[in-house]
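Student: Could we go through this model by its side-chain pairs, its core and its surface? Keep the answers short, please.

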Amino acid sequence: LFKDCTNLKTVEIDCDVEEINEDFFKNCTSLEEIEIKGDIKKIVESMFEGNKKLKSVKLTGDIDEIVKNAFKECTSLETFEFGEKTKVKEIGESAF
């Protein structure tokens, strides 16, 4: 669990993931970049909430669902990139 971690700048996940706990990366105030290369079933509520320095998200695997508030208050987000073959089944209301 990295909630409230102030030194984390980059997250890279290279494997398939069923689900990561709610608030897992919430309020990581130095987090700037996220890359998830594997498939992920669900980006859960508030997973990245409050990461005000987050600039870039890259998802190259398939995603079943991005739920509400997953990226809430990520006010510096400039780039949200999906891979060429990425499939997203559902994006929840207010996910961003």
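Student: How many salt bridges does the rule count in this model?
Tutor: Bear in mind that this is a predicted model. Side chains of opposite charge can pair when their charged atoms come close. The rule asks for a side-chain nitrogen of Lys or Arg within 4 Å of a carboxyl oxygen of Asp or Glu. By this rule the count is five.

Student: Take Lys37 and Glu12: how many residues apart are they?
Tutor: Lys37 and Glu12 form a salt bridge, with the closest N and O atoms 3.2 Å apart. Lys37 sits in the loop between strand E3 (33-36) and strand E4 (40-43), while Glu12 is in strand E1 (residues 10-13). The pair therefore links distant parts of the chain, and the separation is 25 residues.

Student: Is Glu12 buried or exposed, or partly exposed?
Tutor: Buried means under 20% relative accessible area, and exposed means over 50%. Glu12 has 46%, so Glu12 falls in between. Its class is partly exposed.

Student: And which class does Lys37 get?
Tutor: The relative accessible area of Lys37 is 37%. Values from under 20% count as buried and those over 50% as exposed, with partly exposed in between. Lys37 is therefore partly exposed.

Student: Lys37 also meets Asp14; what is the N to O distance there?
Tutor: The side chains of Lys37 and Asp14 meet in a salt bridge, with an N to O distance of 3.6 Å. Lys37 lies in the loop between E3 and E4, and Asp14 in the loop between E1 and strand E2 (17-19), so the pair ties together parts 23 residues apart in sequence. Glu12, Asp14 and Lys37 are linked in a network of salt bridges. The N to O distance for Lys37 and Asp14 is 3.6 Å.

Student: Which residue forms a salt bridge with Asp64?
Tutor: The closest N and O atoms of this bridge are 3.6 Å apart. Asp64 lies in strand E6 (residues 63-66) and its partner in strand E8, so the pair ties together parts 25 residues apart in sequence. Asp64 is partly exposed at 26%, whereas the partner is exposed at 70%. That partner is Lys89.

Student: Now the rings: how are Phe71 and Phe96 arranged, stacked or edge-to-face?
Tutor: A search of the whole structure finds nine aromatic pairs. The centres of Phe71 and Phe96 are 5.3 Å apart, with the planes at 10°. Planes under 30 degrees apart count as stacked. So this pair is stacked.

Student: Is Phe71 buried or exposed?
Tutor: Phe71 has 2% relative accessibility. Under 20% means buried. Phe96, by contrast, is exposed at 51%. Phe71 is buried.

Student: What is the angle between the planes of Phe80 and Phe96?
Tutor: Phe80 is in strand E7 and Phe96 in the segment after E8, 16 residues apart. Their centres are 5.0 Å apart and the pair is edge-to-face. The planes meet at 90°.

Student: Which residues have the most contacts inside the largest nonpolar core?
Tutor: In soluble globular proteins, nonpolar side chains tend to be buried together. The largest nonpolar core here has 25 residues. E1, E3, E4, strand E5 (56-59) and E6 each supply at least two residues of this core. Those with the most contacts inside it are Phe25, Leu31, Ile34, Ile43, Phe48, Ile66 and Phe71.

Student: Is Lys26 buried or exposed?
Tutor: Lys26 is in the loop between E2 and E3. Beyond its neighbours within four places in sequence, its contacts include Lys3, Asp4, Ser46 and Glu49. Its relative accessible area is 18%. Lys26 is therefore buried.

Student: Which residues form the nonpolar patch on the surface?
Tutor: Together they have about 290 Å² of accessible area. One of them, Ile91, is in strand E8 (residues 88-91) and is partly exposed at 44%. The patch is formed by Phe82, Ile91 and Phe96.

Notes:
Residues numbered from 1 in each chain as written. Predicted model: local features only at pLDDT ≥ 70, side-chain atom pairs only at ≥ 80, totals over all residues. Heavy atoms only, no water. Patch = residues over 30% accessible without salt bridge, like charges linked within 9 Å, V, L, I, M, F, W, Y side chains within 5 Å. Areas by Shrake-Rupley, 256 points an atom, 1.4 Å probe, with all protein chains shown as cover. Helix = DSSP H or I, 4+ residues; strand = E, 2+ residues; numbered from the N terminus. Buried < 20%, exposed > 50% of the residue type's maximum accessible area, 1.4 Å probe, protein only. Phe/Tyr/Trp six-rings, centres within 6.5 Å; stacked < 30°, edge-to-face > 60°. Contact = heavy atoms within 4.5 Å. Core = buried A, V, L, I, M, F, W, Y, C linked by side-chain atoms within 4.5 Å.
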